[in-house]
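Biologist: I am new to this structure and should like to look closely at one part of it. Please take the aromatic pairs as the centre of your answer, and set them in their surroundings.

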Amino acid sequence: MHERVSFLRERALTSRYMADPDGKRLREESLAQTEAEPPVLREAKALAHVWRHRPIAIHEGEPLVGCRPGLVYGAERSTPHSFGRQRFEPWWPMSEQVTLLIREGVLSPAGNHTTLDYEAILSGGFEGLIARIEARKARLAPDVARLACPAVSCGRDSLLDEPAVPRAAASPEAEKSHFLDALRIVAEGYIAFCRRHADLAEALARSECGLQPVQPEDGLKAALQTEDGLKAALQTEDGLKAALQTGRRAELETIASHCRRVVAAPPRTFWEACQALWFAFLFSPDAPGRVDVYLAPFYERDIAAGTLTRDFAKELLACLWLKIFEFMGAEAAVAAHQHLTLGGTKADGSDASSEVTRLCLEVTEELAIQRPQVGFRWHRGTPPDLLRRAVRTLRTQSGSPDFCSDESIVPALVRTGIAIEDARDFSLSGCHEVIVTGKAQMGAVEGFINLPKLLRRVLALEPALDCGTAGSPSRVSSDGRTAGQASSATAVGAPPVCGTAGSPSRVSSDGRTAGQASSATLAAALDSLDSFDKLWAALEQAMDAAAAGAHDFSLDRDRRQAEIPGGILTASLVTNDCIERCLGYTQGGARYNHCNWDAIGIVNLADSLAAIRRLVYNPAPHPTCHSEAPEEPLRGVGCDPGDNPVGSGRAPERCFDKLSMTGEGTPSPAPGPSGAHGEMTLAELADILRGNWEGHEDLRLRILNRLPHFGNDDPEADALAGRIIESLAAILRRRTPFRGGQYTLGTLAGGENMHIEFGRVTGATPDGRRAGEPLADSLAAAQGRDRRGLTAMLNSVASLPHRLLPTSTTVNVKLDPKLLESDAGIEKVAALIEAHFRSGGQQLQFNFYSRETLLEARRCPEKHAGLMVRVAGYSAPFISLWEDLQDEIIARTEHGV
């Protein structure tokens, strides 16, 4: 590692983000001067005023400048902290129905992410964006443009100090002009902000304090180009100091010239491009996008001209990584704040990787920091040695890179109406949200839906959700009718008695909640669900009721977001096609406006339905590969995980073909009262769940060890998981989001860790899970239930309809750490990734820690401060996680390859 980089890395690890000390004051100062103006212009002028006047800094030794206000460095390394716990309370006053669903743990809101149009900034600069604004404004009615902003007609350069038409006089056409004027004010204000750094760099170059070098090597390289010069400088201490100061002075002068040009104009060199990319990120900070794609042309041109070395390019990239890391400060433990994308395809489908891709992977490996989180896009044209290089980067145990497949994601995006050229330009944000780069307001996880909770509702185990009020979710009758169609006497579910309204129905130690119905009432309510098809219809009705609540929440939230003046002006300036449509980023101005909800517990629901079908309805059983001994979980008995490589081009041979049926072929008992042919009624099973399996541990272990579970290449469980995805995706598509576009389905638990948080407010489920235990994380098998090896687990995942999952899907895999110790092991992991993606999989991310290592880290956290783990689409230090989240990671199955 270069000495400058080593110095900057160590300093970055002491960084902390404090509150912006001047932003609020400067903003209010501007707003006080613009009270009579339209809100969008007031907002623009406030932003510009802050950029023109807030304090800036250039720190010692950095070749890329500009930082978030409130960034400070400490004397020692900062202690990292993970995300906080989720509160099941509405974020603002909401409808009765949505409030109920949130408080009862059926829905939970989420955050938002964006990726700006970096390509436009690097190719045309903010001056290019201003030219777009003026061209669009010229197509407005001439009298509207003139009246709305006299500064343009008078030939003035800036709109910042010009009065605007009073808001009461603005027509719809004038509002478009106001919006465009606001975007120009924002662009001009940010250009001024960047050029202030040029002034500061020049001042530092002239001052004694600005001449202090970072360390000898940098100054000597910059200042001394000849052997004689080096010898002369080394002869005396004063000579050495002068040489070093000369080097830093030259560097500051170069920095000044860069900041004078970018972001106003497009960069000319690789160094300028790195500075422009950093300024662009700082303008709308979230995901850095496809860094290797943006920077490759500048690198290749400078290398060919002999004005750049590979070593200095790598040094600049390392400094860019560290600037991104520092944005949140070292105290922010998680990686998901900034997700960067490498590899993939170009718009024409050709491979987008380059030497810059390799440099980025080298920097990621050498720095070994959790941010930026690096995602690697694979496609069939990805060079095999580049994939192996990406896998080798995992040896740092920083959690990067994660891997995703263009072959799965691009067609899923196209299916939603996105042009294939735009779909190929996707990038990653947050934990693993897919965004059409610079063209979409679709990178958010709008919220999460708790699927196992919906099954419990069908089983009449969630009385608070069936209050019988107009605002509560619809109850489902035996014939599929909702409570509005069926009488209360025939409605499936608990009687209309509400639970405690103020919080989720927290599960007691015995799994019971307040207001539970009697066994007799429960039996009567469930008696009519005498076939699996009727149970499924009831479940779909519950899904529809949850989707209705999710839709109501989205309409409310997105309407509020659209009321922000200019629809978030910074994002509006740098997102296609906001300028052309004269609409803000949150107002439908982006080219694509899909809205994403993530389903949590798909796997638990599939396993639960498989158990109900066997225990209650008892169809012709599928032979399985599970143990006959319920008291001891089986791990791959009779199955060789290497028998059928993923993506071998033929249907995978399933292990159950090699085994006899295990205890499932006994004669069926006589039909129960419901008419089903199982060993128990649905009401009896529900009563067991109400008691949290107390007194029925033998049954729970039999479910865990002998019945089908997703993640074991079992056709029954896998088909149920796929059917759940297809049904919920179709239910969501019946509705249209506020901004237009479509509702899309994801499965990510995210930084909100909703597999943990939903799990702690969800009672026992038929898959053998106890009350309060975690749900499965995204699409991976439930913790510890993938017992037939990694190949079988990935076959299950690949069998799912990924065409319906265009964004936010992850699969966490825990592998033997010894695999990364040899080239042969790295080759195996790379082959595993490629095989899974060729068979239809979408995403993979890895942990390479043994159970013993994780347990040791829990016992002695002071010895394992740097132990990074993949959690739910993001990485974080293991010791920074909550205890129940640590438990969940430890419980994941460890595989070999």
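Modeller: Over residues 468-517 of this predicted model, the pLDDT stays under 50, and the model has 115 contacts for that stretch beyond four places in sequence. A second stretch, residues 622-675, also has a pLDDT below 50, with 105 contacts in the model beyond near neighbours in sequence. For the protein chain as a whole, the average pLDDT is 84, and 80% of the residues score at least 70.

With that background, the aromatic pairs may be considered. Searching the whole structure yields 21 aromatic pairs. One of them is formed by F193 and F279, whose rings meet edge-to-face, with 6.5 Å from centre to centre and 65° between the planes. Since F193 belongs to helix α8 (residues 172-206) and F279 to helix α12 (residues 270-283), this pair ties together parts that are 86 residues apart in sequence. Both F193 and F279 are buried. These two residues also belong to a cluster in which ring pairs link W51, F126, Y190, F193, F279 and F283.

Another aromatic pair joins F403 and F846, again edge-to-face, at 6.1 Å centre to centre and with 70° between the planes. This pair links distant parts of the chain, for F403 lies in strand β6 (residues 402-405) and F846 in strand β15 (residues 843-847), 443 residues apart. F403 is buried, as is F846. In the loop between α16 (384-392) and β6 one finds P401. The peptide bond that joins S400 to P401 is cis, with omega about 0°.

Rings also take part in arrangements with arginine side chains. R68 lies over the face of F327, and the distance from the ring centre is 4.4 Å. In a second case, R613 is placed over the face of F532, at 4.8 Å from the ring centre.

The surroundings of helix α12 can be followed further through L122, a residue of helix α5 (residues 118-138). Its relative accessible area is 6%, so L122 counts as buried. Leaving aside residues up to four places away in sequence, L122 touches P266, P267, A273, A276, L277, Y294 and F298. Of these contacts, Y294 is 172 residues from L122 along the chain, yet the C-alpha atoms of L122 and Y294 are separated by 7.5 Å.

A sheet provides a further setting. Four strands make up an open sheet, in the order β3-β9-β12-β13, with mixed pairing. Strands β3 (107-109) and β13 (743-746) stand at the edges and have a single partner strand each, so one side of each is left without a neighbour in the sheet. From one strand to the next, the twist averages 25°. Strand β9 (residues 445-450) and β12 run parallel and are joined by five bridges. V445 has N596 as its bridge partner in β12. Helix α27 (residues 715-733) packs on this sheet and touches β12 and β13, its direction making about 155° with that of β13.

The loops hold several points of backbone geometry. Besides the cis bond before P401, the peptide bond from N576 to D577 is cis, with omega near 5°. D577 is situated in the loop between α22 (569-573) and α23 (578-581). The loop that follows, between α23 and β12 (595-600), contains C582. C582 is not a glycine, but its phi is positive, near 55°. With a relative accessibility of 7%, C582 counts as buried.

A positive phi also occurs at A368, where the value is about 50° although the residue is not a glycine. A368 is located in the loop between α15 (355-367) and β5 (373-378). The relative accessible area of A368 is 32%, so this residue is partly exposed, whereas C582 is buried.

To return to the request, the pair of F193 and F279 connects helices α8 and α12, while the pair of F403 and F846 connects strands β6 and β15. The residues of the former pair are buried, and the residues of the latter pair are buried as well.

Definitions and conventions. Residues are numbered from 1 along each chain as its sequence is written. Side-chain values use heavy atoms; hydrogens and water are left out. Rings of Phe, Tyr and Trp (its six-membered ring) pair if their centres lie within 6.5 Å; planes under 30 degrees apart count as stacked, over 60 as edge-to-face and the rest as tilted. Helices (H or I, at least four residues) and strands (E, at least two) are DSSP runs, numbered from the N terminus. Buried means under 20% relative accessible area, exposed over 50%, partly exposed in between (1.4 Å probe, protein chains only). A charge sits over a ring if NZ of Lys or CZ of Arg is within 6 Å of the ring centre and within 35 degrees of the ring normal. pLDDT is the predictor's confidence in each residue, from 0 to 100. Contact means heavy atoms within 4.5 Å. Two strands pair if DSSP finds at least two bridges between them. Axes are lines fitted to C-alpha atoms, for helices over the stretch in contact, and angles run from 0 to 180 degrees between N-to-C directions.
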